[in-house]
Amino acid sequence: MTNFAVVLKSEITRVARKEARAQNSQLKKASSQHRTEVAALKRRVLELEKLVKGLAKRGPTSVPPADDDADDGPAVHRYSAKGFAAQRKRLGLSAADLGVLLGVSNQSVYKWEEAKTRPRASHMPAIAALRRMSKTEAAEKLASLSA
């Protein structure tokens, strides 16, 4: 009888191990799929974080209206310190002269050019008008304001 009990016990053990292996293989496959999906999601999150960081560096952008005839809102003027300094040099004006033209101090002009401060919204139309102004027009306007 002992022989029968030993054989029965070993057969039960073998069948139990076979069943456990089958269930474990299914769990291993599912676990592997989950790890792959998690890794893909992590890569996607990193890409999106880089994109958000890049958009944050650019700052808010404003899109000008498509219809030029519609004057529904205030005009949007672009400003860059480098461009502002280039306009002053193109017109051949000193910072003090440009300050007289714009109605500000020469110190404001220097700070705007060095990007330490930005002009107020009330000064933006006058700065935008500089782009359309020629050297002679600027000299004439400066002479009329100085006189």
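Let me begin with the largest nonpolar core, which has 18 residues; those touching the most other members are Phe84, Leu93, Leu98, Leu102, Trp112 and Leu130. Five helices each supply at least two residues of this core, namely α2, α3 (95–102), α4, α5 (124–132) and α6 (135–146). Of these, α3 gives the most, with four residues. I should state at once that this is a predicted model.

Let me place that core in the chain as a whole. The protein chain has six helices and zero strands, so that, by the DSSP assignment, the elements run α-α-α-α-α-α from the N terminus. Of its 147 residues, 18% count as buried. The chain exposes about 12,100 Å², and carbon and sulfur atoms supply 57% of that area. Turning to contacts between residues at least 6 apart in sequence, 64% of them join residues at least 24 apart.

I return to the core through one of its members, Leu98. With neighbours within four places in sequence left aside, Leu98 is in contact with Phe84, Arg88, Leu93, Val109 and Leu130. Among these partners, Phe84, Leu93 and Leu130 are also listed with the core residues that touch the most other members.

Next, the helix pairs. Two packed helices are described by the angle between their axes and the distance between the axes. How do α3 and α6 pack? Their axes are 10 Å apart, at an angle of about 75 degrees. Because angles of 65 to 115 degrees count as roughly perpendicular, α3 is roughly perpendicular to α6. On the α3 side, Asp97, Val100 and Leu101 take part, and they meet Ala138, Lys141, Leu142 and Leu145 in α6. By class, the residues of this contact divide into five nonpolar, no polar and two charged.

The second pair is α2, residues 81–91, with α4, residues 106–113. Here the axes come within 8 Å and cross at roughly 130 degrees. That angle makes α2 oblique to α4. From α2, the contact draws on Ala81, Phe84, Ala85 and Arg88; from α4, it draws on Val109, Trp112 and Glu113. The class count for this contact of α2 with α4 is five nonpolar, no polar and two charged residues. Phe84 and Trp112, which appear in this contact, are also among the core residues that touch the most other members.

I close with three individual residues. The first is Gln87, which is found in helix α2. Is Gln87 buried or exposed? Its relative accessible area is 18%, and because buried means under 20%, Gln87 is buried. Not counting residues up to four places away in sequence, Gln87 touches Leu130 and Arg131. Leu130 was also named as a partner of Leu98.

The second residue is Ser108, found in helix α4. Its relative accessibility is 23%, so Ser108 counts as partly exposed. The C-alpha atoms of Ser108 and Ala95 are separated by 8.8 Å, and the two residues lie 13 residues apart along the chain.

The third is Ala115, in the loop between α4 and α5. What is notable in its backbone is phi, which is near 60 degrees, a positive value in a residue other than glycine. At 55% relative accessibility, Ala115 counts as exposed, because the cut-off for that class is over 50%.

Methods
Residues are numbered from 1 along each chain as its sequence is written. This is a predicted model: local features need pLDDT of at least 70, side-chain atom pairs count only at pLDDT 80 or more; totals for chains, interfaces and linings use all residues. Side-chain values use heavy atoms; hydrogens and water are left out. Buried means under 20% relative accessible area, exposed over 50%, partly exposed in between (1.4 Å probe, protein chains only). Contact means heavy atoms within 4.5 Å. Axes are lines fitted to C-alpha atoms, for helices over the stretch in contact, and angles run from 0 to 180 degrees between N-to-C directions. Angles under 35 degrees count as roughly parallel, over 145 as roughly antiparallel, 65 to 115 as roughly perpendicular and the rest as oblique. Ala, Val, Leu, Ile, Met, Phe, Trp, Tyr, Cys and Pro count as nonpolar, Asp, Glu, Lys and Arg as charged, and the others, Gly among them, as polar. Accessible areas come from the Shrake-Rupley method with a 1.4 Å probe; for residues, only the protein chains shown count as cover. A nonpolar core is a set of buried Ala, Val, Leu, Ile, Met, Phe, Trp, Tyr and Cys residues joined through side-chain atoms within 4.5 Å.
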